[in-house]
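User: I have a new structure to look at and could use a walk-through. Can we start with a term I will need?

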Amino acid sequence: MAEIKKIGCVIVSHGQVANELLSAAENVVGDLGHITAVSIGWHDEVESAKEQISRAISQVSEGRGVLLLTDMFGGTPTNISAMFYEQGEVEIVTGVNLPMVIKVANQNTEIPLTQMADEVENQGKEAIYQAGDLLIPKKMIKDA
Amino acid sequence: MLESNVKIVNQLGLHARAAAQLVKLSSKFLSSVKIQRADSNIVADAKSILSILTLAASRGTTINITISGTDEEQALEEIEKLINAGFGEL
């Protein structure tokens, strides 16, 4: 299989959530050179946070666009990330969870950034279950 | 097309890191690799971690592997070996 150029990704969060999400994903799938994390400290100035995100974007960019995954819509990490929005170049998806990071980690084909953003958004939503909903039917079968 | 039933034997079941190993191995082959729980009709693509995780296959679950393509024989042999070895966790 020919080497493909990957879409870069920056996880941006409050506190250390971004670093830990990246570290969890790396434990599952191995080193992820095209993904990095920016943790915005509780007392960081907007300018310094902006600078960190800007540096992170340049670091992971392979020329195919960069996806910013932020922790919560309306929060500071998202609001600062939004300053970098540029359609098709830098897209932002909020509410990051581990399945979303794993989705970006595994890129087997070169798809456009906007499509990747859509797929990651859907993946994040679809990966949420109430485990009980899955466990109860099976338990009932067992008891029957 | 080849089919086979194997039992998940490692304590943690088909969890994230085990799924990642299965994806890494399956992706080496040109054949399509599908896995399904013997007790349900949910089918997963063995080349996608997140798809495999939706099976929630714990220890003792029997899964049905269906492989189709030019290198199906070797793919089945290696995949069976990985699962039977408990993903190296035994």
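Analyst: Start with handedness: a crossing of two helices is right-handed if the near helix is turned clockwise from the far one by less than a right angle, and left-handed if anticlockwise. Keep in mind that this is a predicted model.

User: OK. Which way does H4(A) pass H5(A)?

Analyst: The crossing of H4(A) over H5(A) is right-handed.

User: At what angle do H4(A) and H5(A) pack, and how far apart are their axes?

Analyst: The angle is about 145°, and the axes of H4(A) and H5(A) are 8 Å apart. H5(A) covers residues 113-126.

User: Which residues meet there, H4(A) against H5(A)?

Analyst: From H4(A) they are Pro99(A), Met100(A), Lys103(A) and Val104(A). On the H5(A) side they are Glu119(A), Val120(A), Gln123(A) and Gly124(A). By type, that contact has 4 nonpolar, 2 polar and 2 charged residues.

User: Is H4(A) enclosed by the rest of the structure, or open?

Analyst: Largely enclosed, because 6 of its 8 residues are buried. The buried residues of H4(A) are Met100(A), Val101(A), Ile102(A), Lys103(A), Val104(A) and Ala105(A).

User: What covers the buried residues of H4(A)?

Analyst: In chain A, the cover includes strands E1 (8-14), E2 (35-40) and E3 (66-70), along with helices H1 and H5. Chain B takes part too, through its helix H2 (49-53).

User: So to the chain contact. How many residues of chain A are in contact with chain B?

Analyst: 9 residues of chain A are in contact with 6 residues of chain B. Helices H1 (17-29) and H4 (98-105) of chain A each give two or more residues to that side. H4(A) gives the most, with 3 residues. The residues on the chain A side divide into 6 nonpolar, 2 polar and 1 charged.

User: Switching to chain B. How many helices and strands are there?

Analyst: Chain B has 3 helices and 4 strands. Along the sequence they follow the pattern β-α-β-β-α-β-α.

User: How does the radius of gyration of chain B compare with that of a compact globule?

Analyst: The two agree: chain B has 11 Å, and a compact globule with 90 residues would have a value near 12 Å. Along the principal axes, the C-alpha atoms of chain B fill a box of roughly 35 × 25 × 20 Å.

User: And what share of chain B counts as buried?

Analyst: 32% of its 90 residues. As for contacts in chain B with a separation of 6 or more, residues 24 or more positions apart account for 73% of them.

Key
Residues numbered from 1 in each chain as written. Chains lettered and ligands numbered in written order. Predicted model: local features only at pLDDT ≥ 70, side-chain atom pairs only at ≥ 80, totals over all residues. Contact = placed C-beta atoms within 7 Å. Nonpolar A, V, L, I, M, F, W, Y, C, P; charged D, E, K, R; others polar. Axes fitted to C-alpha atoms, helices over the stretch in contact; angles between N-to-C directions. Buried ≥ 20, exposed ≤ 12 C-beta atoms within 10 Å, placed from the backbone. Rg over C-alpha atoms; globule rule 2.2 N^0.38 Å.
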